[in-house]
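Thanks for coming. I will go through the empty spaces in this structure, then some helix packing. Please have the sequence and the structure open.

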Amino acid sequence: MTLQALQMLEALLLLATLRTVGAHRLADYIGGFILQSVVLAALAVLLAASSGAADLVVVAAMTLGAKVYLVPRILRRVAAELPVERGVRSMLGLPASILAAIGLSVLAFLGTSTLAESVGAQAGSFGVSLSMVLIGLFLITVRRHVVAQLVGLLTMENGTFAGTLALAPRMPWVIEFAILLDILVAVVVMGLLITLIHREVATADTAALRQLRG
Amino acid sequence: MSLVAQQACQVLFVLVASPLVPGVIDRAKHIVQSKRGPSIFQPYRDLARLLRKGSIVPEDSSWLFRAAPYAAFITPLAVAMLIPVLTSYPLPFAFMGDMLSGGFILGLGSLLTSIGALDSGSVYAGMGSSRSRVVSTLAEPTVLLVLFGVTLFAHATIPFVVNQTLAGPTLLLSASHWMLAGALLMVILAESGRIPVDNPSSSYELSMIEHSRTFEYSGRWLALLQWGGQMRTFVLLTILLNVLTVPWGLVPEGAASAGTLILAAAALLGKMAVVAAAIVVIESTVAKWRFFRIPEYLGVSLLLAALGTIAAYATGVAA
């Protein structure tokens, strides 16, 4: 029963990640990231309940605070300062992106199916975490809006967190605390950078950054 | 009660109960919009009215135009013989075909409807049939992947075997099972002309898909086409409910009598009501998508089906 609930949550995690791949507007990217983080926190709580690792409850609470409240707040503030654009521009259309994301998760599942056995993790959860990392990288590569790329980075981080949950559920909460602090600082710095870039070139489209060359 | 009689009951039930589903959805949608809405039996009245009227045939149309309504009417009834509508055990004709052939038979009905619409020579009917072909083409990969995934679990494509396997304790709550079911629901919504792919209550010809195919039909043939469409949706929902997700409330082996058959029919209608409520929520909250965004919608359903299949491998349920 716990195993099935775990698999259900992991499937939801992957779907939330793909929500950001299929998103049109910035609000959908941020919403997909929030959904991802909520599912991740629920996953941590479920693992804490089943394995008795109390640290995971703290980790889940910190995840909720940082990734569901603070980071989206900062992202929304940054997005609000940017000019209103119709959707996020991308180097690949949405159907092609979705197909690419399917391909990446197939790759991740194939790659981890043998690896997971040797490290003693659930093949499914390991595969989900690797596909999140790959999809995050994919978002950074093909999306041309800075905030969308930032969501890609955060997706990669969530993927590694999911991997930690799968591989080492008994890790102390201090580690995750440090990582979350890092993430928060990164988001703030990126947010500042985006605002500054926007002042220079009046766009958040990364393709326009070439204009900055002297 | 003989097995053939039970089979006849299944087909008759599909025939009689199918107009109820759009009736209930329409009424519920009106209630959500703070209106009273037509009676849930309005589709029956429409069919009865149309059946009493004569038909007009376009001058330049061929026999295809006249054959299409019958094909649209008969094909869902043929599929109703293959799937568990009321009984949980296979009936005599159930082994004529598996789920794949059921899909192809439904596809044949839809294809002939499109050809009949093209044959009428009407501009809007031609546009509608070309659009509905696009939707069907895009939905095809998802249907095949769902069938493929289900076959991985059940090692069979006969619906009566599949539903027994999927209702087992390990598969019932597995993530891949529900992703496949979700993918199929999205395809069913697309194939039966529901929001977000097509708006069934639209009166604007340029945006219609399903409805514009029947523009040149009138009277009895229009009734056959509409009834066929309703049965098609009913059969598809029955596959979703009784084969893929909640195959409960069916008549168990050796317990067939008039009473148990009626109970099974009531159970199926109850499950349909739940899906109808979900459809009402979708249609009241989501707007119809632009036609060129339909590949995105069906892409998501393909994605769900693919993930369900991959997850079946990854979690080891597809042994």
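Which element gives the most to the lining of the second largest cavity? That is α6(B), with four residues. Before going further, I should say that this is a predicted model.

Let me stay with that cavity. The second largest cavity holds about 80 Å³ of space. It has 14 lining residues, and those closest to its centre are Ser132(B), Val135(B), Ala190(B), Glu191(B) and Glu210(B). Two helices of chain B, α6 (123-154) and α9, each supply at least two residues of this lining. By class, the lining of the second largest cavity divides into four nonpolar, four polar and six charged residues.

Now the largest cavity. The count of cavities of 30 Å³ or more comes to three, and the largest of them has a volume of about 120 Å³. Lining the largest cavity are 14 residues, with Gln7(A), Ala11(A), Phe109(A), Val128(A) and Ala311(B) nearest its centre. Both chains appear in the list of elements that give two or more residues here: α1 and α5 (123-142) from chain A, α9 and α12 from chain B. The largest share, four residues, comes from α1(A). As for residue classes, the lining of the largest cavity has nine nonpolar, four polar and one charged.

On to the pockets. How much space lies in the largest pocket? About 1100 Å³. The lining of the largest pocket takes in 42 residues, and nearest the centre are Pro22(B), Pro200(B), His211(B), Gln226(B) and Gln230(B). The elements giving two or more residues to this lining are α2 (20-32), α3 (42-52), α4 (63-80), α5 (99-119), α10 and α11 (258-285), in chain B. Of these, α10(B) gives the most, with eight residues. The class breakdown for the largest pocket is 13 nonpolar, 18 polar and eleven charged residues.

The second largest pocket has a volume of about 770 Å³. There are 28 residues in the lining of the second largest pocket, and the ones nearest its centre are Arg19(A), Gly22(A), Met186(B), Trp289(B) and Val300(B). At least two residues each come from α1 (2-21), α2 (26-51) and α4 (94-119) of chain A, and from α9 and α12 (294-314) of chain B. Here α9(B) gives the most, with six residues. The lining of the second largest pocket divides into 20 nonpolar, three polar and five charged residues.

That brings me to helix packing, and α9(B) is a convenient place to start. How do helix α9 (residues 175-191) of chain B and helix α10 (residues 219-245) of chain B pack, and at what angle? Their axes are 10 Å apart, at an angle of about 175 degrees. With angles over 145 degrees counted as roughly antiparallel, that makes α9(B) roughly antiparallel to α10(B). On the α9(B) side, the contact residues are His177(B), Trp178(B), Ala181(B), Leu184(B), Leu185(B), Ile188(B) and Glu191(B). They meet Arg232(B), Leu236(B), Leu237(B), Ile239(B), Leu240(B), Leu244(B) and Thr245(B) of α10(B). Ten residues of this contact are nonpolar, two are polar and two are charged. Glu191(B) has come up before, among the residues closest to the centre of the second largest cavity.

In chain A, I picked helix α3 (residues 55-81) and helix α6 (residues 146-167). Their axes come within 12 Å and cross at roughly 175 degrees. Again, that makes α3(A) roughly antiparallel to α6(A). From α3(A), the contact residues are Leu56(A), Val59(A), Thr63(A), Lys67(A), Val71(A), Leu75(A) and Val78(A). From α6(A), they are Val147(A), Leu150(A), Val151(A), Leu154(A), Glu157(A), Asn158(A), Phe161(A) and Leu165(A). This contact divides into eleven nonpolar, two polar and two charged residues.

Which side chains meet Lys67(A) and Glu157(A) in a pairing, and of what kind? They meet each other, in a salt bridge with an N to O distance of 2.7 Å. Lys67(A) is in helix α3 of chain A and Glu157(A) is in helix α6 of chain A, so the pair ties together parts 90 residues apart in sequence. Over all chains, a search of the whole structure finds nine salt bridges.

That is what I had to show.

Conventions
Residues numbered from 1 in each chain as written. Chains lettered and ligands numbered in written order. Predicted model: local features only at pLDDT ≥ 70, side-chain atom pairs only at ≥ 80, totals over all residues. Heavy atoms only, no water. Axes fitted to C-alpha atoms, helices over the stretch in contact; angles between N-to-C directions. Parallel < 35°, antiparallel > 145°, perpendicular 65-115°, else oblique. Contact = heavy atoms within 4.5 Å. Nonpolar A, V, L, I, M, F, W, Y, C, P; charged D, E, K, R; others polar. 1 Å grid on protein atoms, 1.4 Å probe; cavity = no way out; pocket = protein on both sides within 12 Å on 5 of 7 lines; lining within 4 Å. Points joined across faces, edges and corners; volume = space filled by probe spheres on them. Salt bridge = Lys/Arg side-chain N within 4 Å of Asp/Glu carboxyl O.
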